Amino acid sequence: MQLKNLADEVALVLPDDLLWSDEHSWSPTVATSAYLITGALLIQSAMRLAGRPITLVGAPDMAWVTRATVEQLRLWAAVAPTDATGRFQLTLADGRTYTVAFRHAETAIEAEPVLGFPARSDADFYRLTLRFLEL
């Protein structure tokens with residue numbers, strides 16, 4: 001799995017065993033319904049053009065990343081998405097690719113030290129959760 005910053009083409013390798021936890025919990029169709037004053041039901045629906053959540057979660061005993069990787073992800077997540085920055089190409093282990101941005105409406109990155117106490121070395125390991133939004 002790989003995350004590539006589209007602003008500078010720098011790529012970061014991510015563990016292939018990160019699980020896309022919300023892959024099948026999103027629908028591309030959105031609808032609202034309301035009753036009119038006449039009592040008739042009005043249903044309006046449309047296709048969403050973007051905004052699919054992509055949450056990548058590592059199991060407790062899998063998908064560990066180094067502190068250096070977490071720090072790089074935190075630096076990237078600190079940049080607000082614009083036309084030129086804050087956009088990434090996410091390539092999954094099966095070859096599918098998505099243009100994404102970090103989901104800033106929630107906690108974009110969660111990293112927990114594997115050993116249970118704060119890591120000090122760039123080589124120490126963390127469990128990772130990443131939250132993206134497909135653009």
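This note sets out points on the core, strand pairing, salt bridges and surface of a predicted model.

1. Nonpolar core. The largest nonpolar core of the predicted model comprises 26 residues. Those with the most contacts inside this core are Leu 3, Leu 56, Leu 73, Leu 90, Phe 102, Leu 130 and Phe 132. At least two core residues come from each of the following elements: strand 6 (53-57), helix 1 (67-77), strand 8 (88-91), strand 9 (97-102) and strand 11 (125-134).

2. Surroundings of Leu 56. Which residues does Leu 56 contact, leaving aside its neighbours within four places in sequence? The set consists of Met 1, Leu 18, Leu 19, Trp 20, Leu 90, Leu 128, Thr 129, Leu 130 and Phe 132. Among these partners, Leu 90, Leu 130 and Phe 132 also belong to the residues with the most contacts inside the core.

3. Leu 18, a loop residue. Leu 18 is placed in the loop between strand 2 (11-13) and strand 3 (19-20). Its relative accessible area is 6%, and Leu 18 is therefore classed as buried, the cut-off being under 20%. Not counting residues up to four places away in sequence, Leu 18 touches Met 1, Leu 56, Val 57, Gly 58, Ala 63 and Leu 128. The contact with Leu 128 joins residues 110 places apart along the chain, and the C-alpha atoms of this pair are separated by 8.3 Å.

4. Pairing around strand 11. Strand 11 pairs with several other strands in the antiparallel sense, as follows.
- Strand 6 is joined to strand 11 over five bridges, and Pro 53 has Leu 133 as its bridge partner there.
- Strand 7 (residues 64-66) is joined to strand 11 by three bridges, with Val 65 partnered by Tyr 126.
- Strand 9 likewise has three bridges to strand 11. The bridge partner of Phe 102 in strand 11 is Phe 132, and both of these residues are listed among those with the most contacts inside the core.
- Strand 10 (residues 109-113) pairs with strand 11 over five bridges; in this pairing Glu 110 stands opposite Thr 129.

5. Salt bridges. How many salt bridges does a search of the whole structure find? The search returns nine. Side chains of opposite charge can pair when their charged atoms come close. One example is the bridge between Glu 9 and Lys 4, with an N to O distance of 3.3 Å. Glu 9 counts as partly exposed, because its relative accessibility is 48%.

6. A salt bridge in helix 1. The side chains of Glu 71 and Arg 74 meet at 3.8 Å, N to O. This pair lies within the 4 Å limit for a salt bridge. The two residues are three places apart in helix 1, which means that about one helical turn separates them. Glu 71 has a relative accessibility of 31% and counts as partly exposed.

7. The network at Arg 103. Arg 103 and Glu 106 form a salt bridge in which the closest N and O atoms are 2.9 Å apart. The pairing joins a buried residue to a partly exposed one: Arg 103 has a relative accessible area of 8%, whereas Glu 106 is at 42%. These two residues are linked with Glu 110 and Arg 131 in a network of salt bridges. Glu 110 is thus both a member of this network and the residue opposite Thr 129 in the pairing with strand 11.

8. Nonpolar surface patch. A nonpolar patch on the surface is formed by Tyr 35, Leu 41 and Ile 43, which together have about 360 Å² of accessible area. Ile 43 is found in strand 5 (residues 41-47). Because its relative accessibility is 53%, Ile 43 counts as exposed, for which the cut-off is over 50%.

9. Ala 46 in strand 5. Is Ala 46 buried, partly exposed or exposed? With a relative accessible area of 42%, Ala 46 is partly exposed. This residue also lies in strand 5. Not counting residues up to four places away in sequence, Ala 46 touches Pro 28, Thr 29 and Val 30. Ala 46 and Val 100, which are 54 residues apart in sequence, are 22 Å apart in space, C-alpha to C-alpha.

Methods: Residues numbered from 1 in each chain as written. Predicted model: local features only at pLDDT ≥ 70, side-chain atom pairs only at ≥ 80, totals over all residues. Heavy atoms only, no water. Core = buried A, V, L, I, M, F, W, Y, C linked by side-chain atoms within 4.5 Å. Buried < 20%, exposed > 50% of the residue type's maximum accessible area, 1.4 Å probe, protein only. Helix = DSSP H or I, 4+ residues; strand = E, 2+ residues; numbered from the N terminus. Contact = heavy atoms within 4.5 Å. Patch = residues over 30% accessible without salt bridge, like charges linked within 9 Å, V, L, I, M, F, W, Y side chains within 5 Å. Areas by Shrake-Rupley, 256 points an atom, 1.4 Å probe, with all protein chains shown as cover. Pairing = 2+ DSSP bridges.
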